[in-house]
Amino acid sequence: MADRYLTVAGTGVNEIEIRRSRFLCALAPVTSEEAAREVIAARKKADPAARHHCHAFVLGADGRTQRSSDDGEPAGTAGTPMLEVLRRRELTDTVAVVTRYFGGVLLGAGGLIRAYGQAVSEAVDAIGVREYRRLRLVEVVVDYDRAGRLENDIRSSPYLLHATRFEDVAHFDVGLAPDQGDAFHAWLADLTGGEALTSETGEMWLPTPRT
């Protein structure tokens, strides 16, 4: 099973022009086929005058679900090269929709393949990529008098602070890579004098913090 994957960093649209044809590539992170098709439908609604709204999407941490459509372009000239860019960039949980406004100059099959692939590639470059990792979640419980310093120390550490809760005591949910467990518990014990309580609560896909 994969322990990491890449997805597009956010939702956005990037435009390129090739021989007077405009190619608007919309990218969005999605986690289901239903969500991907909602993005596709929204793009068609946003640009109703365009003749083609070609799309490709990849879903799942292993990238197992893959779909594409030429939406009226010659077979294999739009959806397939779009999907190939997503695969080559190792992106999943991502949908790409390229809306084309014809500029009056025929591009030919080869030209369309290059144009649709370029539209997606440049959109990925413009919008960026985010890494997700499958991490073990550990709940850390401390008294309030230690909470402020501990929160700051976790945020500046190699460990991922996923969530905080303040009830009668302070709770911190920390994400750990498979090889970080022993080091984290030793670090935490040293930092809190052994007073922190910990319990494992499962696994979750979490984004790598931006630096």
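A polar contact is a pair of N or O atoms within 3.5 Å; within protein, one atom must be able to donate a hydrogen and the other to accept it, and residues adjacent in sequence count only if both atoms are side-chain atoms. Keep that rule at hand for the exercises below.

The model is predicted, so local features need pLDDT of at least 70 and side-chain atom pairs count only at pLDDT 80 or more, while totals for chains, interfaces and linings use all residues. Residues are numbered from 1 along each chain as its sequence is written, and side-chain values use heavy atoms, with hydrogens and water left out.

**Exercise 1. Two threonines**

Find where threonine 99 sits and which side chain its own side chain makes a polar contact with.

Step 1. Locate the residue: threonine 99 belongs to strand 6, residues 94-101. Strands here are DSSP runs of E with at least two residues, helices are runs of H or I with at least four, and both are numbered from the N terminus.

Step 2. Check burial. Buried means under 20% relative accessible area, exposed over 50%, and partly exposed in between, using a 1.4 Å probe and protein chains only. Threonine 99 has 0% relative accessibility and therefore counts as buried.

Step 3. Look for the partner: the side chain of histidine 53 lies in polar contact with that of threonine 99, at 3.0 Å.

Step 4. List the surroundings, where contact means heavy atoms within 4.5 Å. Beyond neighbours within four places in sequence, threonine 99 contacts residues including Arg22, Leu24, Asp47 and His53.

Now do likewise for threonine 92: is this residue buried or exposed?

Step 1. Threonine 92 is in the loop between helix 2 (79-88) and strand 6.

Step 2. Its relative accessible area is 4%, so threonine 92 is buried.

Step 3. The side chain of threonine 92 reaches the backbone oxygen of glycine 60 at 2.6 Å. Among the other residues that threonine 92 touches, leaving out those up to four places away in sequence, are Tyr5, Val58 and Gly63.

**Exercise 2. The sheet**

Work out the strand order of the open sheet, its edges and the helices that pack on it.

Step 1. Trace the order: five strands form the open sheet as 2-3-6-4-5, with antiparallel pairing. Two strands pair if DSSP finds at least two bridges between them.

Step 2. Find the edges. Strand 2 and strand 5 (65-69) each have a single partner strand, so one side of each is left without a neighbour in the sheet. From one strand to the next, the twist averages 15°.

Step 3. Inspect the pair at each edge. Strand 2 and strand 3 are antiparallel over seven bridges, with glutamate 15 opposite leucine 24 in strand 3. These two strands form a hairpin with two residues between them, and arginine 19 in the turn has a positive phi of about 50°. Strand 4 and strand 5 are antiparallel and joined by five bridges; phenylalanine 57 has arginine 67 in strand 5 as its bridge partner.

Step 4. Add the helices. Helix 1 (residues 33-46) packs on the sheet and touches strand 2, strand 3, strand 4, strand 5 and strand 6, with its direction at about 160° to that of strand 4. Helix 2 also packs on the sheet, touching strand 4, strand 5 and strand 6, at about 35° to the direction of strand 4. For these angles, axes are lines fitted to C-alpha atoms, for helices over the stretch in contact, and values run from 0 to 180 degrees between N-to-C directions.

Step 5. Compare the faces of strand 2: Gly12, Asn14, Ile16 and Ile18 make up the covered face, and Val13, Glu15 and Glu17 the uncovered one.

**Exercise 3. The cores**

Which residues of the largest nonpolar core touch the most other members?

Step 1. Apply the rule: a nonpolar core is a set of buried Ala, Val, Leu, Ile, Met, Phe, Trp, Tyr and Cys residues joined through side-chain atoms within 4.5 Å.

Step 2. The largest core has 26 residues, and Phe23, Cys25, Leu27, Met82, Val98, Tyr116 and Val120 touch the most other members.

Step 3. Trace the contributors: among the elements that each supply at least two residues are strand 1 (4-8), strand 3 (21-29) and helix 3 (108-127). Helix 3 gives the largest share, seven residues.

Step 4. Look for another core: a second, separate one of 15 residues includes Leu161, Ala170, Leu176 and Leu188.
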